[in-house]
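Biologist: Good morning. I am new to this structure and would like to go through it with you.
Modeller: Certainly; here it is.

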Amino acid sequence: MKGRSLKLREAHKSSGAASFCSILWDLRAQHLLTSSSNDLSICIHDPLLPSNSPQILRHHRDGVTALALSPNSTCLASGSIDHSVKLYKFPGGEFQTNVTRFTLPIRVISFNRSGSILAAAGDDEGIKLINTIDGSIARVLKGHKGSVTGLAFDPNGEYLASVDSIGTVIQWELHSGTALHILKGIAPDTGSDLSVLNALSWSPDGETLAVPGLRNDVVMYDRDTAEKLFSLRGDHVQPICFLSWSPNGKYMATAGLDRQILIWDVDQRQDIDRQKFDDRICCMAWKPNGNALAVIDVMGKYGVWESAVPSSMKSPTEDVPSLQSKNSNGLLLFDEDEQEPSASGSLSDLGEDSHGESEPPSRKRLRKQSTYDEDINDDLLSSLPKVESRKKASHSHKESLNNGNEGLKSTTSARLKMQEAFQPGATPVQPGKRRFLCYNMLGSITTIEHDGYSHIEIDFHDTGSGPRVPAMTDYFGFTMASLNEHGSVFANPCKGEKNMSTLMYRPFSTWANNSEWSMRFEQEEVKVVALGSAWVAAVTSLNFLRIFTDGGLQRYVISLDGPVVTASGFKDELAVVTHASHCLPSNDQMLEFRVFNISNGTQPLKGHLPLTPGSCLTWFGFSEEGQLSSYDSKGVLRVFTNQFGGSWLPLFSASKEKSEENYWVAGLNMNKLFCIVCKSPDLFPPVMPKPVLTLLDLSFPLATSDLGAETLENEFILKNMHLLQIQQRIEEMAAAGLDTTSLDDEAFNVETALDRCILRLIASCCNGDKIVRATELVKLLSLEKSVKGAIKLVTALKLPNLAERFNSILEERLLNETSRPATLPLTSSNHDASTTPDVVMSKFLTSIQSSKPSQPVIPLPSPQLSSPLFAKKGKLQEGAKVGNEKVEQRRTAIVENIGKVKSLAEVKSIEDVTNQGEASIGEIKNGAVNQRPSNPFAKSSSNQEKSSLFDAIKKMKKVDETGKR
C-alpha cells in the first residue's frame, strides 16, 4: 500500500516539547475538541470551517490531559495536571463545577454508556467512580501499581477495564467493585514518557477488549474469560500507543511510536490502509456519522483523514451495533434554574477549589429519566446488572436484546428536561466575544464583557430613521434585553449578597428629564422581558407577569400557570409562552401560549403551542402585520390564524431547504421569512462581521404531488390565507368606522391573482389527466371571467366533456345567484375609477317566476357572480370620513309597462344581453351602475336613483349595437 500525506493544522502551541494531546468528536460530528498537556486551554473547532478561530475554554491552571463527552454530548468533562476534574455545558462551554480533585495529576477520564458514571484516574493510587446524579464518589477502585493511563467502560454496562503505565490490565465488575481479571505485563511499559500513554478499548458490541501488545501488535481478549482470542500484527515497527474502533466495530485504527497509522479490517485481521506523519500520533477518534478519522500528534497539530476506509469497502458507520444498558438513567445536566434541590446536596461539600470560578450556591440538578429508573436515593452502583457466569451472562444478554420488542429503544431513551427560559433574538454567552442581547426587525442590542463590566451598544438597521442611541456601560451584568421604536429594556439574573435581580427601562426620546427607571426584585429573578406601546413586561421566576407603564408605574401583577419559556410584545398585545406540564415520554415539550391586550385588560387568546416532535422553541414573536408566530429547533415556522377556530399553520420548514444551513430567525412579514443563515453546525450568528439578513419565501411543507405542482398548490394556499387575513382586517376596520378603500383594492388584486393561480392548476390537472381535480378547482374560481377562461382552456385542450361540465357549473352558479333577493349593487363614493380593471365582464340574467296565468311575469336584474369562498359584503359603513353623508341602500323593484312583455321568448332574448364595457365616470354621475363584480369586499356608499327595468335593458341593447358596429 502506498503511504499518503495528511496535512495537520496547529491547535496547541508545543514549545518544541512533546506532550500528550486529546481529540474527540461530539455526537453529531458538529464539533471537534482538542487539548494538550502543555496547554491549559480546551479548543472547540468547527470541522467544516477549520480556518475559523476555535472556541476556547480556559478554566484549568495547568495543562489539560484528558477530555470526555457525555453520550448525548450535553456535558464536557476535562482532567488536568492541576489535579481537578471540571464539568462544562456543551456546546456552549459554560463552566459548571469542579466535580472532584486528586492529589496528583489526572491522566484519563471516561463516561459510561448511559452517562450516569464518570470514571477518573491518573498518578494517584485509585480510580474514582463519580455519580453524575449527585456528584458523590460512588466508589474508588484500587489495584494498580503504576499511573492509570487508560479507562474503558463495557458498552453493556457490566465492566470497567483499566490499564496502567507498566502494562497491567484490570477488568473490574462495576456492581461489586471487585477485580475480576488482573493481566500483568500484557501491554508495553511506557516508562516516564508522559507523551505516550497506554490505551485500551472495548469493541462496540462489548464482546472484545483490545489492548496494545508487546510485539508491536494489538491483542484481543474475550469479554468474560479474559482469554486471548487473536492479535492484529502488521507493519508497525514500534509499539502501538493508541487504538480506536470504528463505530460498527469492523475496522480499527492503530497509532504507533513509528509515526504511522494503520487501518485494519478486524474480521480479515489485515491492515488495509496507512498514513505516515512527521510526529507521533497520540490520539484518534472515528467520526460518528461518516468515513473519517480525526488525529492529533504530540506537537498539538490535528487533522481529519477523510475516507480512512477505502470507498470500495463497507462504510465504518454501516450496521452499527445498538445496545441498551440496563442502567440507562441518562446524564445529569447542571441547571441553576431548576427548582428541585440536588439529591445529595452541593458538590462544594467535596472541598474543591474553584480557582476563581463562580459556582452557584447550590448546584441543582435535573436527571434524565427512563422507564428503568429506580429510586434515585438508592445507591447508583447497586442498580448495575449483576454478573452471572461469564459466557451465560453474555449469551442471555444477547438473547434479551434480540427477543425484546422493538419499542424498547424508544422507551429507554432519556427524557428531555423542560426547556429553559430564553429571550427571542438573543445569542448565548461566548467568553471574550460580543453577543446579541436582542436582534429583531428594528435593530439590535449587543454586549461584551470587559474588566468586570459590560459595554452595550444599540444599533438600528435603518440608520436614517432610527434614533441615535449612545453606548452604555453596564455595571449590572444584563443578560437579556428587548427593543422597539420607543425604547429598550434590560434585565439581569439574581446577583450579589441579597440575591437581587434588576429591571431597567431606557426611552429613546422623552419630553422630561430623568425618564429612565429601574426596578429591583429580591429573591425573585427576571427570566424574560418584552416591550409594547406604552408598556414594559417582565416575567419572573415566581411565575409572575409584571406589567409597568413606560413611565415606570407598576400597573399589573398576574400569576401565570407555569414556568415561563419566552415572551414577545407588539403594540397593545403581549404574548407569553409557559410550560403546561413536564415533558411527555416521547420527549415532547408541553407548552401553552397566552395573548394579553394590555390597554383593554383582556386575554383574547390562550391555547397549546404546537412543536415538531422532539424539538424545543427557539423563536417566538409577531410578524410585521401582527400575526403570532413561532419557530422550533427542527426548523418549522408556524403562524397563528383564526381559521378552524384558531389554528397554527406551518408556513416554512428548514428540511425543505439546504441541509448544511441553519436559520436564525429575526422576523417575518406576510410573504417572507427574515433570518440569518448560519453554516452548520453553527446555530446562531456572530456579532462581527455584521450578519446579513436573508429573505426566504414562505411555503407550506406540502407532500410531493402526483402532478409535480407543489409550487402552484403552495401559492394557492398562501393567497387563500392572505385573502382571509385581508377580509378579517376589513371587518375590523369597518366595525371601527374606518375607511377600507385601500384594503378593498388590495383584496381585489389578491383575488385576481388567486384566480390566475387556480387556472394554472387547472391546466396542470388537464395535462395530467386529473379531471376530477380540475372540476374541484373550477368551483373555487371567484370571477365569472375566470370561469369562462377555464372553459376556453379545456376547449383548447380538446376536452369537450370537461368544457360541458364547466359550462354546467357556471350556469348552476348563475342560477343560484338569481335565486337570491335582487339588489342593485352600490358603488363606493371613495372608489377611484382608475383602479377598475381594463376588461370586466358582467352579465345580467333575468329570473323568471311563473305562477297563476292571471299573474304577470316579472323579470328582475340578477346580481353579479360572487366568490364561492368569500361572501360579498353588503354592510353599510357610517362615519368612514368626517363629513360623509349616511349611506342608505335602496332596493329598486320598479316595474313599468309590464304589458310590453309580449312573450317568454322576448325575455329569454334579454338574458343573452351582456355588457362588454365599463361604465364611464360621466355615467356614474348620471346614476349609471359602476360595478366591480370581482371584488367581494367592495363597499357601497352612493344612493341610487329609481329607474325602469326596461330603460336599463334599452341602454344595454344600445351598447350592444354600438359594439357590433
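Modeller: Please note that this is a predicted model. We may begin with helix 4, which covers residues 741-767 and has 27 residues. From its first C-alpha to its last it reaches 40 Å, close to the 39 Å expected at 1.5 Å a residue.

Biologist: How many residues of helix 4 are buried?
Modeller: Of the 27 residues of helix 4, 19 are buried, so the helix is largely enclosed by the rest of the structure.

Biologist: What follows helix 4?
Modeller: Asp 769 follows helix 4, and its phi is positive, near 60°.

Biologist: At what angle do helix 4 and helix 5 pack?
Modeller: Helix 4 packs with helix 5, residues 771-778, at an angle of about 165°, and their axes are 8 Å apart. An angle over 145 degrees counts as roughly antiparallel, and the two helices are therefore roughly antiparallel to each other. Helix 4 passes helix 5 in a left-handed crossing.

Biologist: And helix 3, how far apart are its axis and that of helix 4?
Modeller: The axes of helix 3, residues 710-735, and helix 4 are 9 Å apart, and the two helices pack at an angle of about 160°. That angle makes helix 3 roughly antiparallel to helix 4. The crossing in which helix 3 passes helix 4 is left-handed.

Biologist: Let us turn to strands. What is the order of the open sheet of four strands?
Modeller: The order is 40-41-42-43, and the pairing is antiparallel. Strand 40 (526-532) and strand 43 (554-559) are the edge strands, each pairing on one side only. From one strand to the next, the twist averages 15°.

Biologist: How many bridges join strand 41 to strand 42?
Modeller: Five bridges join strand 41, residues 535-540, to strand 42, residues 544-549, and these strands run antiparallel.

Biologist: Which residue in strand 42 is the bridge partner of Ala 537?
Modeller: The bridge partner of Ala 537 in strand 42 is Ile 547.

Biologist: A change of topic: how many disulfides does the count come to?
Modeller: The count comes to zero disulfides, where a disulfide is a pair of cysteine sulfur atoms within 2.5 Å.

Biologist: Why is there no bond between Cys 241 and Cys 282?
Modeller: The closest cysteine sulfur to that of Cys 241 is in Cys 282, and at 7.4 Å it is too far for a bond.

Biologist: Is Cys 241 buried or exposed?
Modeller: Cys 241 counts as buried because its relative accessibility is 6%, and buried means under 20%. Cys 75, at 2% relative accessibility, also counts as buried.

Key
Residues are numbered from 1 along each chain as its sequence is written. This is a predicted model: local features need pLDDT of at least 70, side-chain atom pairs count only at pLDDT 80 or more; totals for chains, interfaces and linings use all residues. Side-chain values use heavy atoms; hydrogens and water are left out. Buried means under 20% relative accessible area, exposed over 50%, partly exposed in between (1.4 Å probe, protein chains only). Two strands pair if DSSP finds at least two bridges between them. Axes are lines fitted to C-alpha atoms, for helices over the stretch in contact, and angles run from 0 to 180 degrees between N-to-C directions. The expected span of a helix is 1.5 Å times one less than its number of residues. Angles under 35 degrees count as roughly parallel, over 145 as roughly antiparallel, 65 to 115 as roughly perpendicular and the rest as oblique. A crossing is left-handed if the near helix is turned anticlockwise from the far one by less than a right angle, and right-handed if clockwise.
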